[in-house]
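Visitor: May we go through a structure together? Please take the sheet before the cores.

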Amino acid sequence: MRAVAAGLAVTVLALAGCSQSQQPTPAQKAATQKADIEAAAQAKLTMFNKLLGMQRGDLAIPIGEEVLAKYPHTKAAAQIAKVLPGLKTKVKAAAEKRRLAGLWLYQVSPMAGGKQSTAAIDPSKPAGSRVQLVLRRQSSWGTSAFLYDHKTGEHFACHKLCDIVMHFDGVQHVYKGYLPNGGEPAMFVKDYKSFIARLSKAKNVDMTVTIAGQGKVTLAFETGGFDAGKWVALPKKK
């Protein structure tokens, strides 16, 4: 019996030793954890690159930021860190370009027995202003540029010809304005060709005018998104 008991004791000790030897060491645990982190970061990098390939940098950016925040010391983070700043700049610029382009409204519609093609933009300042800047081609009347109060119907104060002080990206030019014969709440720019040429190259155009009952008002237009190709040219009426 003593021999049997001794044998069992040896077996138990052997099994205990075997069990202890199978437990991962701290170094092994650290290596496993590091591998898991690298794998998780790599999966995010794969998604990041896939979105870049789809031209969806806007969706890739938050994934890249997540990798840098959660897995900063991984190979994936090192790769993303090289491209993320430039990507942010590119995406921000593209978003601003879309925003500026969206400020313009292009329309072609019937008018006075013919057709008109317009490009119109609302001012960014002052807040709540209803005065639009309109570029118009009309099959009978030709091309014109004017300010038009399309909501409140406020009239501009101008006797015969008046000065409109404008700034194109900060550079001042003074244009002559005049009111239409029909009494509409509008004011036309006399030298529209020069005005449109300058507007086409400017990011911002400020125009100071006098509105009846309000006095001098400076209208600020963010014109940088103007697309001349969308302002449809009309055939001359025979």
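Guide: What follows is a short conversation about the sheet, a helix and the nonpolar cores.

Guide: This is a predicted model, in which local features need pLDDT of at least 70, side-chain atom pairs count only at pLDDT 80 or more, and totals for chains, interfaces and linings use all residues. Residues are numbered from 1 along each chain as its sequence is written, and side-chain values use heavy atoms, with hydrogens and water left out.

Visitor: What is the strand order of the open sheet?

Guide: Its nine strands run S1-S2-S3-S4-S7-S6-S5-S8-S9, with antiparallel pairing. Strands are DSSP runs of E, at least two residues, and helices are runs of H or I, at least four residues, numbered from the N terminus; two strands pair if DSSP finds at least two bridges between them.

Visitor: Which are the edge strands?

Guide: S1 (104-111) and S9 (215-222), each of which pairs on one side only.

Visitor: And how many bridges join S4 and S7?

Guide: Three bridges link S4 (residues 142-149) to S7 (residues 186-189). Tyr148 stands opposite Ala186 in S7.

Visitor: Turning to the interior, how many residues has the largest nonpolar core?

Guide: It has 30 residues, and Leu133, Leu135 and Phe195 are among those with the most contacts inside it. Such a core is a set of buried (under 20% relative accessible area, 1.4 Å probe, protein chains only) Ala, Val, Leu, Ile, Met, Phe, Trp, Tyr and Cys residues joined through side-chain atoms within 4.5 Å.

Visitor: Where is the other core of 14 residues?

Guide: It lies apart from the largest one, and its members include Ile61, Ile63, Ala76 and Ile80.

Key:
Buried < 20%, exposed > 50% of the residue type's maximum accessible area, 1.4 Å probe, protein only.
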